[in-house]
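The following paragraphs lead the reader through the structure shown below, from the overall form of one chain to the sheet and the contact between the chains.

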Amino acid sequence: MTSKSPVTNLTQRFPEMGTGPIDVGPYRDPEFFEREKEAIFRRAWMMAGRTSQIPNPGDFFVRDVPTFDISLIFVRGPDGQIRGFHNACRHRGNHVCLGKSGNCRAFTCKFHGWTYNLEGELAGVPDEASFFDLNKSELNLIPVSTDIWEGFIFFNLDTNPDQSLQQHLGGIGDALSGYPFGDGVSRFQFSGLIKANWKSVMDSFCEIYHVPSLHKYSIAETLAGPDNPFGHLLDIRTYGPHRTATISGNKDYRPKPVQGIAYAFAQGDAITGGQGVRSDLPPGVNPTKSENWGLDVNILFPNLLPVIGPGMYFTHQMWPLAPDRTVWEMTGFLAPARTAADRFVQEYFMIELRDAVLEDMNTVERAQSAINAGIINEFHYQDHEVALRYHYHVINKALNEFENRAAAE
Amino acid sequence: MTVTGLPEGFAELEPFVAEWVLPSMMARTRKRHASSMAEITAFYNAMQPRLQEILAHLSAIPYDDALPGEETRLLGLALSLAEITTSVEWYNQPAVVDGFDPERFELVAELP
């Protein structure tokens, strides 16, 4: 099926959501925030990084989890397997790894010199004879539940997760599997502390209604052409708590001078095939197989947005800190530059993306002020903000299900 | 060893090397925001008409540790062009219009 015209009545596909205003309580209420941390973030599968960051035995990276002020280590062992551990010495809790990434043979706590091998086993304790009944075999690094999907390393802070990663991802995992994520081994990552609720930061990337207005100097024309001036979605697909918002592009867009040269050089070299649309992409990518495809915003519950477009993919990830504070991370994954010209094209793509997001962030902070002050008490979502309305309902459903289950136990 | 100069044929861009060949993205971002629109436009106007030739030249050069000094400088100019192009082609001012403070976006991983 080739669809050119965007669809309508998306919201009515989900009659249980209704079409009324949305209460902003969940975007400012400290009690709601604590419920989210407990019911969702303490037991959700969340992305740590990619396997290509640690290709060889002894390669490691550290993943901070700002929501809980926790530091995790992901390391490839001598057997090639990737494992996750809490970055905390069993002696008195100091970090055993101070670097952000690298290669090592063992992790040694700088406090007193306790040493752990790459499989997390306590291998050495200085002056061990002075301890009392120390059972080293019970003092290995504390493992964190770790699994891999399509080269993305996920972790779960629940030591015994209710669902496997595969069960958690369900249909969206199947729909996106086979996409050449593995080609994107050159990474860039931005991080910022945003003074807004994590859901607001996330939602700002999940609708295009704002694009013709907020992004009028930058990406408005590339996404919203004359035949789709308000950036109506091509489709919304839901998979349990996950969803894909498919955004149209303007294939008649005429690039600016440097932009056009950069785009032309990228053609054919990039991950999904440059300006054209590769025919071998999995069913979940450009799901309507539209000629006017712009990009897909994939929303993986709870906090990961893999955005897939022609020639690239990148992720947004939100880490809640407080009802009105979020650590946001944006990571780009690009095919390695083969030539110096490729490196220019990569930089140009990164700067366009960064500048577009710089246009977004003031809006969420200003809105948070009005929400915090009690001036704004409800949101009014239109049809093409359906992914945001769905988000609100998914979160409430997750809290209710968890709390009902806990009450029954 | 200090390598000076640009590859043959790009000598006219030499006056921009001292100011616009910078070691990191954040250095280029700060240079953009410390420059006037006249300075940015002068650099853009010198680079844009030569960009096809610059990329044709650089596309014959493997991107690895052995990147020669002259090409390193030419690429450095191109990377600064990437930084300031949106100032010219999108915003008509150095910074993003009504943009968030770019210093609040920390580049925690830079492209290789």
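Chain A holds eight helices and 19 strands. Its radius of gyration is 23 Å, close to the 22 Å that the globule rule gives for 409 residues, so chain A is as compact as a globular protein of that length. The model under discussion is a predicted one. Along its principal axes, the C-alpha trace of chain A spans about 80 × 55 × 35 Å. Of the 409 residues in this chain, 44% count as buried. Among the contacts in chain A with a separation of 6 or more, 65% are accounted for by residues 24 or more positions apart.

The sheet may be considered next. Eight strands form an open sheet, in the order E13(A)-E14(A)-E15(A)-E16(A)-E17(A)-E18(A)-E12(A)-E1(B), and the pairing is antiparallel. At the edges stand strand E13 (233–239) of chain A and E1 of chain B; each has a single partner strand, so one side of each is left without a neighbour in the sheet. From one strand to the next, the twist averages 20°.

Within this sheet, strand E15 (293–299) of chain A merits attention. Seven of the seven residues of E15(A) are buried, so this strand is largely enclosed by the rest of the structure. E14(A) is joined to E15(A) by six bridges, and the two strands run antiparallel; in this pairing, A:Ala245 has A:Val297 of E15(A) as its bridge partner. With strand E16 (residues 304–309) of chain A, E15(A) pairs in the antiparallel sense over two bridges. Here the bridge partner of A:Asp296 is A:Ile308 in E16(A). E15(A) and E16(A) form a hairpin, with four residues between them.

Two helices of chain A lie across strands of the sheet. Helix H2 (residues 165–176) of chain A crosses E13, strand E14 (242–248) and E15 of chain A, and runs at about 130° to E13(A). Helix H7 (residues 340–372) of chain A lies across E12, strand E17 (312–322) and strand E18 (325–334) of chain A, running at about 15° to E12(A).

E12(A) leads to the second chain. Strand E12 (residues 186–194) of chain A is joined to E1(B) by three bridges, and these strands run antiparallel. A:Gln189 stands opposite B:Ala109 in E1(B), while A:Phe190 has B:Leu107 as its bridge partner in that strand.

The contact between the chains involves further elements. In total, 37 residues of chain B are in contact with 35 residues of chain A. On the side of chain B that touches chain A, the elements giving two or more residues are helix H4 (51–58), helix H5 (69–91) and strand E1 (106–109) of chain B. H5(B) gives the most to this side, with twelve residues. By character, the residues of this side of chain B divide into 24 nonpolar, six polar and seven charged.

Chain B also contains helix H2 (residues 25–34), whose buried residues are B:Met25, B:Arg28, B:Thr29 and B:Arg32. Why do these residues lie on the same side of H2(B)? They cover an arc of only 100° around the axis, which puts them on the same side of the helix. In general, an α-helix has 3.6 residues a turn, so residues three or four places apart point the same way. The cover over the buried residues of H2(B) includes helix H3 (37–47), H5 and E1 of chain B. H5 and E1 of chain B also give residues to the side that touches chain A.

Definitions and conventions: Residues numbered from 1 in each chain as written. Chains lettered and ligands numbered in written order. Predicted model: local features only at pLDDT ≥ 70, side-chain atom pairs only at ≥ 80, totals over all residues. Rg over C-alpha atoms; globule rule 2.2 N^0.38 Å. Buried ≥ 20, exposed ≤ 12 C-beta atoms within 10 Å, placed from the backbone. Contact = placed C-beta atoms within 7 Å. Nonpolar A, V, L, I, M, F, W, Y, C, P; charged D, E, K, R; others polar. Pairing = 2+ DSSP bridges. Arc of directions from axis to C-beta. Axes fitted to C-alpha atoms, helices over the stretch in contact; angles between N-to-C directions.
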